[in-house]
Amino acid sequence: MKTTEIQSIFNHFAQLNVIVIGDVMLDDYVVGSASRLSPEAPVPVVDIEQRYVRLGGAANVALNLKALGANPILCSVIGQAEKDRLFLKTLQETCLPIMGIVQSGERKITVKHRVLANNVQLLRLDDEQRNDLSIEDRTILTNKITQIIDNYHIDAILFEDYDKGVIGSELIDDIVKIAESNQIPITVDPKKKNFQHYHHSAIFKPNLKELKEGLGKSVLLENINDVQFKSEMELFMTKNQHQMLLLTLSENGVMLVKKDVNGLHIEQIPAHRRHIADVSGAGDTVLSVATLCLAANMNSKEVAEWANLAGGIVCEYAGVVAIDRDRFYKELVNLYTLNDGKFYLKLNDWLRTFNIKIYTIMLKKIKKRQIAIMHLKI
């Protein structure tokens, strides 16, 4: 893939409108230093130096889409209290539309309070509610989504499920019907509760823990060609009519599972070597990038490669952060365009497979030409 092709795809991202449906959150960070223990209990005393909030959950997905130039429309249900108003204010400050947000007297937004000291997270406190939406709230949300689809050209619908009650089987069925009638692809980041309720998705993206919980059985990945594993995947994808399964494997990259003319195609794409600071929100980034790549008509292998690269990048930052567009673009260029990417991509894959880290490769050109030094980021 050439630089011009990568740039063209990035330009195309700016033309895409994506509806994001799911549980939204506020991530509240209390940051300070700790040098002594409390006399009241064997716990550290944190001297607060900084406090800030970030958009989380489905809102972080919207931030990732926006960071890549796309136009996300966030659809969710929140409450009417102070934290809910703070969420709306933060949305507006980041230039995200609020047309899809329903405010209900029966709900409250999830707030995750994290306490960090000396660059270590000491504690997390969750203030949330997990019960399903009322019929009234679900109807209002469905109507809002329908109205948005009627008024805008929508290129994809993304479900970001955190099991906090916004998404249920009825909402899934309603949205799938609407999406199919309008030929809009659906992508899904599932959790256990609704795992088997999702159907007819273009991309279904669980992590390994979610896959095990959702299937209700242990899934072994020592050998991707294992007959039992392939059988389980084929049965699940056929039953739920998923076109592509993108399984995130943390430090082991992602696994692409897709049906083709030869049957079930399974391919593991290794992670890129990185210094990991925080894995929070990486799954949001993976599905955000995969959804845009799908809407840009990229093939399944490219979708998986781009999503895998983006998910790794955000893991190098502390806290929940959106993808850095410029850095993502530069890493894609480095990955794909060196000598058209062919030989060096294969070399990189081989080196990662054997866990070998090489910073410089010196190539002596024929006929006493100058030595070329190439830096490969493994």
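In this predicted model, Lys193 touches Asp132 and Asp163, when residues up to four places away in sequence are left out of the count. Lys193 has its place in the loop between S9 and S10, and it counts as partly exposed because its relative accessibility is 42%, a value that lies between the limits of 20% and 50%. A further relation across the sequence involves Tyr162, which is 31 residues apart from Lys193 along the chain, while the C-alpha atoms of the two residues are 9.2 Å apart in space.

The loop between S9 and strand S10 (203-204) also holds His200. The phi angle of His200 is near 55 degrees, which is a positive value in a residue other than glycine. With a relative accessibility of 35%, His200 counts as partly exposed. A positive phi near 55 degrees is found in Gln183 as well, again in a residue other than glycine. Gln183, however, belongs to the loop between helix H5 (169-181) and strand S9 (186-189), and its relative accessible area of 75% is over the 50% limit, so Gln183 is classed as exposed.

Another loop residue is Gly69, which is found between helix H2 (58-67) and S4. Gly69 counts as partly exposed, since its relative accessibility is 29%. Leaving aside residues up to four places away in sequence, Gly69 touches Phe13 and Ala14. The pair formed by Gly69 and Phe13 is separated by 56 residues in sequence, yet the distance in space, from C-alpha to C-alpha, is 5.9 Å.

These individual contacts can be set beside the values for the whole chain. The chain has 11 helices and 15 strands, and of its 378 residues, 51% are buried. When contacts between residues at least 6 apart in sequence are considered, 67% of them join residues that are at least 24 apart. The surface that the chain exposes amounts to about 18800 Å², of which carbon and sulfur atoms supply 51%.

In the interior, the largest nonpolar core contains 65 residues, and the members that touch the most other members are Phe13, Leu74, Phe87, Trp306 and Phe328. The largest share of this core comes from H8, which provides 9 residues. A second core, separate from this one, has 41 residues, among them Ile73, Ile178, Ile184 and Met237. The surroundings of Phe87 can be given in detail: apart from residues up to four places away in sequence, Phe87 touches Val24, Met25, Leu26, Leu55, Ala59, Leu74, Ile78, Ile101 and Ile109.

Helix H8 can also be described by its length and its cover. The helix runs over residues 282-295, and its 14 residues should span 20 Å at 1.5 Å a residue; the C-alpha atoms at its ends are 20 Å apart, and therefore the expected and the computed spans agree. H8 is mostly covered, as 13 of its 14 residues are buried. Asn297, which follows H8, has a positive phi, near 65 degrees.

Attention then turns to the spaces within the structure. The largest pocket encloses about 1200 Å³ of space. This pocket is lined by 48 residues, of which Ser250, Val279, Ala282, Gly283 and Cys315 are the closest to its centre. Two or more lining residues are given by each of several elements, namely strand S2 (24-37), strand S3 (44-57), strand S6 (110-117), strand S7 (120-127), helix H6 (208-215), H8 and helix H9 (300-314). H8 thus appears both as a contributor to this lining and as the source of the largest share of the largest nonpolar core.

As for cavities, the structure holds 1 of 30 Å³ or more, and the volume of the largest cavity is about 80 Å³. The residues that line the largest cavity are Asp23, Val24, Ser76, Val77, Ile78, Arg107, Lys108, Ile109, Thr110, Gln129, Lys164 and Val166. Strand S4 (residues 71-78) gives the most to this lining, with 3 residues. Val24, Ile78 and Ile109 belong to the lining of the largest cavity, and these three residues are also among those that Phe87 touches.

Key
Residues numbered from 1 in each chain as written. Predicted model: local features only at pLDDT ≥ 70, side-chain atom pairs only at ≥ 80, totals over all residues. Heavy atoms only, no water. Helix = DSSP H or I, 4+ residues; strand = E, 2+ residues; numbered from the N terminus. Expected span 1.5 Å × (residues − 1). Buried < 20%, exposed > 50% of the residue type's maximum accessible area, 1.4 Å probe, protein only. Contact = heavy atoms within 4.5 Å. Areas by Shrake-Rupley, 256 points an atom, 1.4 Å probe, with all protein chains shown as cover. Core = buried A, V, L, I, M, F, W, Y, C linked by side-chain atoms within 4.5 Å. 1 Å grid on protein atoms, 1.4 Å probe; cavity = no way out; pocket = protein on both sides within 12 Å on 5 of 7 lines; lining within 4 Å. Points joined across faces, edges and corners; volume = space filled by probe spheres on them.
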